[in-house]
Amino acid sequence: MSVRRAVWWVLLLASLLPALTLTVLRLGAWEAGLAIGLVSFTPYAVVAYAVALVLLLVVARRRPAARVGVLGVVAALVLHGSWLAPLVTGAPAAGGAGQAAADEQVVVMSSNLLMGRADTAQVVRAAVDADVDLLVLQEVTGRALAGLDSAGLDELLPHRIGFPVTGERPFADTVGTMVFAREPLGEPRPLGTVLQSWEVEVDGLVLLAVHPSAPTDPDGWVRDHALLREAARESDADLVVGDLNATLDHAPLRRLVDDGYRDAVEESNSGWQPTWPANGLFVGLPGPLVQIDHVLTGPGLRAASARTLPVDGTDHRALLVEVLVEARRLSRS
């Protein structure tokens, strides 16, 4: 085998094998061990398949077997494209100016503070600039909460539930989840996840402020997501907001979609909006790479826009979403 041919085979296998692995894991809805983390990177299979397609096309005229490979890779690209296409081609929020006038807009923001290390003044400035109505924060520590209030969060959003928690390893300083709101909040109900998650009513809407376990604890991840789906079903939740430690390629989020929830980024056709890791965790690779922070809207709500914001000191970008709540939804009670 010539050196040139050997290089071709190395490049083809180096592109095809990872891509095929991601496709199989995504289709198989794997929820165990390393597979959970790998599924997060499913969108990048498109790049790998594209490289493989170019390599196969180079030799397709001389090798009939390569033409079969071309057809297989094209089919894989179509499949992955169908998973990504809703981010930019899905049906936008319905309704014209008259409909919008009959709806209420709620500006929702979610941010993971990375064990309280985020620039809290920057978080508050972002909330002020966007005129946020509802702020969900994860990994709130006592020091971070003091910084938020010092920057004026207690005046901007005077109502709150949850509390900062310093846990024991391996969850030290990652436990605290809090909700801050412009309108009064109801009595919160803990959802039983390892990291704090809450069910609470705000201005007639049922909110789940969530932070399930990371895939580094596969059993906890599976258990927490099962708890969150059960809570969403039992409460008929309107909003599921937070660091879900999962992407839309993971089975638990696809189940929520099957239950009638829509991811705000996808629903608003806001394109590729990865949120993690935003602090260069993977050396040599641009970040963020995956979208694990979400605002999910239930029936009667729809996302008008969604975008991410940089926050210094944390490994997550904040997520900012404008949600439209249909008047009939608000008056359901």
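# A walk through two sheets and their helices

Helix α7 lies across β1, β2 and β11, running at about 165° to β1, where angles run from 0 to 180 degrees between N-to-C directions and axes are lines fitted to C-alpha atoms, for helices over the stretch in contact. The model is predicted, so that local features need pLDDT of at least 70 and side-chain atom pairs count only at pLDDT 80 or more, whereas totals for chains, interfaces and linings use all residues. Residues are numbered from 1 along each chain as its sequence is written, and side-chain values use heavy atoms, with hydrogens and water left out. Helices (H or I, at least four residues) and strands (E, at least two) are DSSP runs, numbered from the N terminus.

The sheet beneath this helix is an open one of 6 strands, in the order β3-β4-β2-β1-β12-β11, and its pairing is mixed; two strands count as paired if DSSP finds at least two bridges between them. Its edge strands are β3 and β11, each of which pairs on one side only. On average, neighbouring strands of this sheet are turned by 15° against each other, direction ignored. Within the sheet, β1 and strand β12 (residues 318-325) pair in the antiparallel sense over 7 bridges, and Glu104 stands opposite Val325 in β12. Helix α8 also packs on the sheet, touching β2, β3 and β4, and its direction makes about 15° with that of β4.

Returning to α7 (residues 120-129), its buried residues are Thr120, Gln122, Val123, Val124, Ala126 and Ala127, buried meaning under 20% relative accessible area, exposed over 50%, and partly exposed in between (1.4 Å probe, protein chains only). An α-helix has 3.6 residues a turn, so residues three or four places apart point the same way. The buried residues of α7 pack against β1 (104-112), β2 (134-138), α8 (142-150), α9 (153-156) and β11 (301-309), a contact being heavy atoms within 4.5 Å. At the N-terminal end of α7, Asp119 acts as a cap, with a side-chain oxygen 3.2 Å from the backbone nitrogen of Ala121. Just after the helix, Asp131 takes a positive phi of about 55°, and Asp131 is also linked with Asp133 and Arg182 in a network of salt bridges.

A salt bridge is a side-chain nitrogen of Lys or Arg within 4 Å of a carboxyl oxygen of Asp or Glu, and a search of the whole structure finds 10 of them. One joins Glu31 to Arg255, with the closest N and O atoms 2.5 Å apart. This pair links distant parts of the chain, since Glu31 is in the loop between α1 (3-28) and α2 (33-39) while Arg255 is in helix α11 (residues 251-258), 224 residues apart. Glu31 counts as partly exposed because its relative accessibility is 23%, and Arg255 counts as partly exposed at 29%. Another salt bridge brings together the side chains of Arg160 and Asp149 (2.7 Å, N to O); here Arg160 is in strand β3 (residues 159-162) and Asp149 in helix α8, 11 residues apart.

In strand β4 (residues 177-181) lies Thr177, which counts as buried because its relative accessibility is 0%. The side chain of Thr177 reaches the backbone oxygen of Gln196 at 2.7 Å. A polar contact is a pair of N or O atoms within 3.5 Å; within protein, one must be able to donate a hydrogen and the other to accept it, and residues adjacent in sequence count only if both atoms are side-chain atoms. Leaving aside neighbours within four places in sequence, the residues in contact with Thr177 include Leu137, Ile161, Gln196, Trp198 and His211.

A further open sheet has 6 strands in the order β5-β6-β7-β8-β10-β9, with mixed pairing, and its edge strands are β5 (189-190) and β9 (262-263), each pairing on one side only. Strands β6 (residues 198-202) and β7 (residues 205-210) pair in the antiparallel sense over 5 bridges, and the bridge partner of Val202 in β7 is Leu205. Helix α10 (residues 218-235) packs on this sheet, touching β5, β6 and β7, and its direction makes about 175° with that of β7.

The axes of α10 and α11 come within 10 Å and cross at roughly 10°, which means that α10 is roughly parallel to α11, a description for angles under 35 degrees, with those over 145 counting as roughly antiparallel, 65 to 115 as roughly perpendicular and the rest as oblique. Trp221, His225, Arg229 and Ala232 in α10 meet Pro252, Leu253, Arg255 and Leu256 in α11.
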